[in-house]
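Open the structure in your viewer and keep the sequence panel visible. The stops below say what to select and what is there.

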Amino acid sequence: MCIDTHSHLYGEEFATDIEEVLERARDAGIGKIFLPNINAASIEPMLSLAGKHPGFLYPMIGLHPEDLGDNWREVLAAMEQRLKEPGHPYIGVGEVGLDYYWDRSQYAEQQEALAIQVEWAYRYHLPLMIHCRSAQRELVEVLKAQIRKLATPEDPPLRGVFHCFSGSEEQARELLTFEGFKLGIGGVVTFKNCRLPEVLRKAVPLQRLVLETDAPYLAPVPYRGKRNESAYVTAVAKKLSAIYGVEVAQVYEITGKNALETFPRAL
Ligand code: NI
C-alpha cells in the first residue's frame with residue numbers, strides 16, 4: 001500500500017481545498033496518510049480533519065522542536081493528558097526531535113523536551129516520528145540515554161521514523177543501528193545534484209525506508225517550489241524504484257509494510 005507517513009494537511013495552506021487534495025491523493029493510489037502534530041494550536045485542526053476521514057488519516061501527538069516556546073512544559077503536560085485517555089486516536093508521538101539549524105537558543109530545552117516525549121513512547125507503547133536537523137550527534141545521545149534508562153528486557157525495540165533523512169552514508173548507518181527505526185524519504189531525493197540516491201543505494205535497504213511528503217514543504221521534482229501535497233509522494237516512489245531497480249508497485253508494497261510495522265495502530 002502507498003502510505004504518506006508525514007503530511008501536515010491540517011495546515012492553513014490547505015484551508016480552501018483540503019477535500020480536493022485528499023481526492024487527488026486517493027486517485028493517486030494513496031491508502032493512508034499519517035499526520036504528525038506540530039504544537040498546541042495544531043491539535044484541534046488535525047483531529048477535526050482526521051475525524052472526517054477515519055481509516056485514511058491518522059493523527060499523532062507531540063511538540064515540534066522549533067515550536068517549544070516558553071511554556072513547553074505545560075504544553076507537554078497537556079499533551080500527555082490526551083495520551084492517558086483510553087481509546088485516544090494517536091498512532092505515534094510526533095513530530096518531536098532536535099533542530100539546531102537556525103536557532104540554538106533552546107539547545108538544552110530541546111533535548112529535555114525530546115527526552116520527555118521518548119518516555120511517552122515507552123509509557124504508551126507508541127512509535128516516534130523524529131525530526132532532526134543539524135543535531136544528529138545530540139539526537140543519538142538522547143535516544144541512547146533514554147533507551148538505557150527506560151527499556152526493560154520485555155520491551156520490543158523502540159520504534160519510529162527518522163523523518164526527512166538526507167544525510168551521509170555514515171549518518172544513515174548510525175541511525176539504522178536503532179533497529180526499530182526506518183528512514184523517511186521525501187522530495188529531497190528527487191532534487192538535482194542530491195547525493196541521497198547514492199547514499200541510499202550503498203547504505204540503506206528498501207526494507208528500512210518509508211515514504212513521506214512533509215506537505216506542504218519540500219515538494220518533489222517536477223513540483224519543486226510549489227505547495228507539496230500527499231499525491232506527490234508518487235514522484236518519490238518513482239525515484240526510489242529507479243534507485244533500487246524495482247517496480248514502483250514493489251516500492252509501495254515494501255514501504256507500506258514498513259510503515260504499518262512501525263505504526264501498528266494505523267492498521
Ligand atoms: Ni513535519
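## Helix 8 and its surroundings

Keep in mind throughout that this is a predicted model. Begin with helix 8 and show what packs over its buried residues: the cover includes strand 1 (2-4), strand 2 (30-35), strand 7 (181-185), helix 7 (196-203), strand 8 (209-211) and helix 9 (248-262).

Next, select the buried residues of helix 8 themselves, which are Val233, Ala235, Val236, Ala237, Leu240, Ser241 and Ile243. When reading such a list, recall that an α-helix has 3.6 residues a turn, so residues three or four places apart point the same way.

Now pick the two end C-alpha atoms of helix 8 (residues 233-244) and check the distance between them. The end atoms are 17 Å apart, in agreement with the 16 Å that 12 residues should span at 1.5 Å a residue.

Move just past the end of helix 8 to glycine 245, where phi is positive, at about 65°.

## The nickel ion

Select the nickel ion. Which protein atoms are its donors? They are His6 (NE2), His8 (NE2), Glu95 (OE) and Asp214 (OD), at 2.1 to 2.6 Å from the ion. Along the sequence, the spacing of these donor residues reads H-x1-H-x86-E-x118-D. Glutamate 95 sits in strand 4 (residues 93-99) and aspartate 214 in the loop between strand 8 and helix 8, so this pair ties together parts that are 119 residues apart in sequence.

Colour these two residues by accessibility. Are they buried or exposed? Glutamate 95 is buried, with a relative accessible area of 1%, and aspartate 214 is buried as well, at 9%.

Then display the angles at the nickel ion. Among the 4 donor atoms they run from 85 to 174°, and the site is irregular.

## The whole protein

Zoom out and switch to a cartoon view. The protein has 9 helices and 8 strands. Its radius of gyration is 17 Å, close to the 18 Å that the globule rule gives for 267 residues, so the protein is as compact as a globular protein of that length. Along the principal axes, the C-alpha trace spans about 45 × 40 × 40 Å.

Turn on contacts next. Of those with a separation of 6 or more, 75% join residues 24 or more positions apart.

Finish with the surface. The protein exposes about 12000 Å², and carbon and sulfur atoms supply 51% of that area. Buried residues make up 56% of the 267 residues.

Conventions. Residues are numbered from 1 along each chain as its sequence is written. This is a predicted model: local features need pLDDT of at least 70, side-chain atom pairs count only at pLDDT 80 or more; totals for chains, interfaces and linings use all residues. Side-chain values use heavy atoms; hydrogens and water are left out. Helices (H or I, at least four residues) and strands (E, at least two) are DSSP runs, numbered from the N terminus. The expected span of a helix is 1.5 Å times one less than its number of residues. Buried means under 20% relative accessible area, exposed over 50%, partly exposed in between (1.4 Å probe, protein chains only). Contact means heavy atoms within 4.5 Å. Donors are N, O and S atoms within 2.8 Å of the metal (3.2 Å for Na, K and Ca); water is not among the atoms, so sites may look incomplete. Four donors count as tetrahedral if all angles lie between 85 and 135 degrees; four count as square planar and six as octahedral if opposite donors are over 155 degrees apart and all others between 65 and 115; anything else is irregular. The radius of gyration is taken over C-alpha atoms; the globule rule is 2.2 Å times the number of residues to the power 0.38. Accessible areas come from the Shrake-Rupley method with a 1.4 Å probe; for residues, only the protein chains shown count as cover.
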